[in-house]
Amino acid sequence: MNNTGSTQYIEVQAPSNIAFVKYWGKHGRQFPINPSISMTLENCVTTCKIAYKPSDEFHLDSYKFEGQENESFKSRIDNYLRGIMDVYPALQTLSLTIESSNSFPHSSGIASSASAFAALGYALAQIEQVDAIETRASELARLGSGSAARSIQGPYTLWGHCDHIAESSDQYAVRVTDVHPNFIDVRNTILLIETGAKAVSSTDGHALIDNHPFKHARIEQAHQNIQATLSSIKHGDWEQFGTILENEALTLHAMMMTSTPAVILMMPQTIGVMHAVRKFRQETNIPLYFTIDAGANVHLIYPASHIDKTTDFITSHLVHYCKNGQYINDKNGQGARIIHGS
Ligand code: DP6
């Protein structure tokens with residue numbers, strides 16, 4: 001670390017991601033109970049600027065979100081930074097000011113914690129000037145929000161230990177390296193069905209799995225779905241890929257609906273979209289598939305080669321399911337990057 005005594009700056013950008021195989025359930029210090037794979041996005045990003053200078057003790061001087069001091073986010077970030085001091089001791093003698101902003105509306109229902117903590121983790125790893133920046137950033141991001149670990153690299157990352165994948169780890173995400181040309185340019189249209197605060201926080205959501213009667217079967221299934229998803233990305237098999245993608249989304253919601261207490265996050269519009277997508281696929285043979293996170297919004301995943309017909313279908317048949325007709329077009333991206341550094 002460069003410790004000249006003066007204030008230094010780092011500004012980075014990190015994207016959100018959409019899980020193909022879902023992380024659902026955790027233990028210990030933000031370790032996943034099953035491995036997950038996601039696609040790193042390109043347009044839904046958090047920009048994070050940190051000014052840091054030496055200090056007798058750690059201090060977070062200010063935290064601005066979208067240009068405004070934000071006390072509730074500041075206290076969450078302050079807790080996070082104090083909580084990682086044992087793994088990042090340099091924080092003990094730094095005072096920081098942080099500014100964060102998103103390219104997408106905060107209340108849009110898009111998981112902003114993934115991009116926010118990926119950006120913070122990436123900035124902290126840059127300040128530290130370690131060699132394995134990506135691995136370190138992913139680990140620091142994970143400690144803030146599990147799914148954030150997967151946003152450091154792209155276009156696809158795997159987080160969580162898998163027996164037959166030597167480089168896989170519960171500590172950080174790794175890049176999926178075997179990608180068929182069919183998966184080079186992949187689109188994600190996010191249909192905003194419900195916006196605003198989530199009905200169930202991710203922490204409460206993950207806890208639902210602890211005493212879940214299907215927990216062990218789910219872990220087993222996630223491992224199988226990881227293997228099949230990796231194989232379909234490697235061989236360019238959209239049909240196998242999409243079948244598992246939808247199975248994962250439906251399993252996540254089935255797990256929530258069959259937990260105690262039961263959580264129902266799908267809305268009538270969510271179901272409407274799923275039926276419409278399946279009918280479109282049957283009629284056209286175009287590989288348009290859906291996935292859903294812990295909410296009502298639907299992420300459509302499809303190859304860029306079918307963008308024209310898919311866009312026509314979305315605008316003519318799906319937009320009316322969206323709140324105020326809102327949707328976001330995104331695609332696979334490369335992960336976190338430095339904007340400025342001194
Ligand atoms: C359903 O990463 O938001 O989106 O680790 O508590 O911050 P925390 O949880 P979070 O959980 C994401 C759950 C999910 C599936 C996924 O992204 O893999």
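**Exercise 1. The ligand and its shell**

Which residue has a polar side-chain atom 2.6 Å from an oxygen atom of the ligand? Find it, then describe the surroundings of the ligand.

*Solution.* Keep in mind as you work that this is a predicted model.

Step 1. Begin with the contact itself: the residue is Ser 145, whose polar side-chain atom lies 2.6 Å from a ligand oxygen.

Step 2. Look for further polar atoms facing ligand oxygens. Ser 202 places a polar side-chain atom 3.3 Å from an oxygen atom of the ligand, and for Asp 293 the corresponding distance is 3.5 Å. A polar contact is a pair of N or O atoms within 3.5 Å.

Step 3. Ask how well the ligand is covered. On its own it exposes 460 Å², and the protein buries 94% of that.

Step 4. Widen the view to the shell. The ligand is surrounded by 15 residues, and the closest are Tyr 23, Lys 26, Ser 145, Gly 146 and Ser 147. By class, the shell divides into five nonpolar, six polar and four charged residues.

**Exercise 2. Strand β8 and its neighbours**

Which strands does β8 pair with, and are the faces of β8 covered or open? Work outwards from Thr 157.

*Solution.*

Step 1. Strand β8 spans residues 156-159, and both of its faces are covered. Tyr 156 and Leu 158 are buried on one side, with Thr 157 and Trp 159 buried on the other.

Step 2. Turn to strand β4 (residues 36-54): four bridges join it to β8, and the two run antiparallel. Within this pairing, Ser 38 has Thr 157 as its bridge partner.

Step 3. Now take strand β9 (residues 173-175), which is joined to β8 by three bridges, again antiparallel. Here Thr 157 is partnered by Arg 175. Thr 157 is thus a meeting point: it bridges to Ser 38 and also to Arg 175.

**Exercise 3. From β1 to the polar contacts of Thr 46**

How many bridges pair β1 with β4, and which side chains make polar contacts with that of Thr 46?

*Solution.*

Step 1. Strand β1 (residues 8-21) is mostly covered, with 13 of its 14 residues buried.

Step 2. Twelve bridges pair β1 with β4 in the antiparallel sense; Tyr 9, for one, has Ala 51 in β4 as its bridge partner.

Step 3. Strand β1 is also joined, by four bridges, to strand β14 (residues 337-341), and these run antiparallel. In this pairing Val 12 stands opposite Ile 338.

Step 4. Return to β4, where Thr 46 is found. Its relative accessible area is 0%, so Thr 46 is buried.

Step 5. Trace the side chain of Thr 46: it makes a polar contact with the side chain of Asn 102 at 2.7 Å, and another with the side chain of Ser 115 at 2.7 Å.

**Exercise 4. An open sheet**

Which strands stand at the edges of the sheet that contains β12 and β10, and why is one side of each left without a neighbour?

*Solution.*

Step 1. Write down the order: the four strands run β11-β12-β10-β13 in an open sheet, with antiparallel pairing.

Step 2. The edge strands are β11 (289-291) and β13 (327-331); each has a single partner strand, so one side of each has no neighbour in the sheet.

Step 3. Add the twist, which averages 25 degrees from one strand to the next.

Step 4. Check one pairing in detail. Three bridges join β11 to strand β12 (residues 298-303), and Tyr 289 stands opposite Ile 301 in β12.

**Exercise 5. Backbone geometry worth a second look**

Where are the cis peptide bonds, and which residues have a positive phi although they are not glycines?

*Solution.*

Step 1. Recall the background: most residues other than glycine have a negative phi, and most peptide bonds are trans.

Step 2. A cis peptide bond joins Gly 154 and Pro 155, with omega about -5 degrees; Pro 155 is in the loop between α3 and β8. Another joins Thr 260 and Pro 261, with omega about 0 degrees, and Pro 261 is in the loop between α6 and α7.

Step 3. For phi, Glu 66 has a positive value of about 50 degrees. Glu 66 is in the loop between β5 and β6 and is partly exposed, at 38% relative accessible area.

Step 4. Gln 129 has a positive phi of about 55 degrees. Gln 129 belongs to the loop between α2 and α3, and with a relative accessible area of 52% this residue is exposed.

Definitions and conventions
Residues numbered from 1 in each chain as written. Predicted model: local features only at pLDDT ≥ 70, side-chain atom pairs only at ≥ 80, totals over all residues. Heavy atoms only, no water. Near = heavy atom within 4 Å. Polar contact = N/O pair within 3.5 Å; in protein donor to acceptor, adjacent residues only side chain to side chain. Areas by Shrake-Rupley, 256 points an atom, 1.4 Å probe, with all protein chains shown as cover. Nonpolar A, V, L, I, M, F, W, Y, C, P; charged D, E, K, R; others polar. Buried < 20%, exposed > 50% of the residue type's maximum accessible area, 1.4 Å probe, protein only. Pairing = 2+ DSSP bridges. Axes fitted to C-alpha atoms, helices over the stretch in contact; angles between N-to-C directions.
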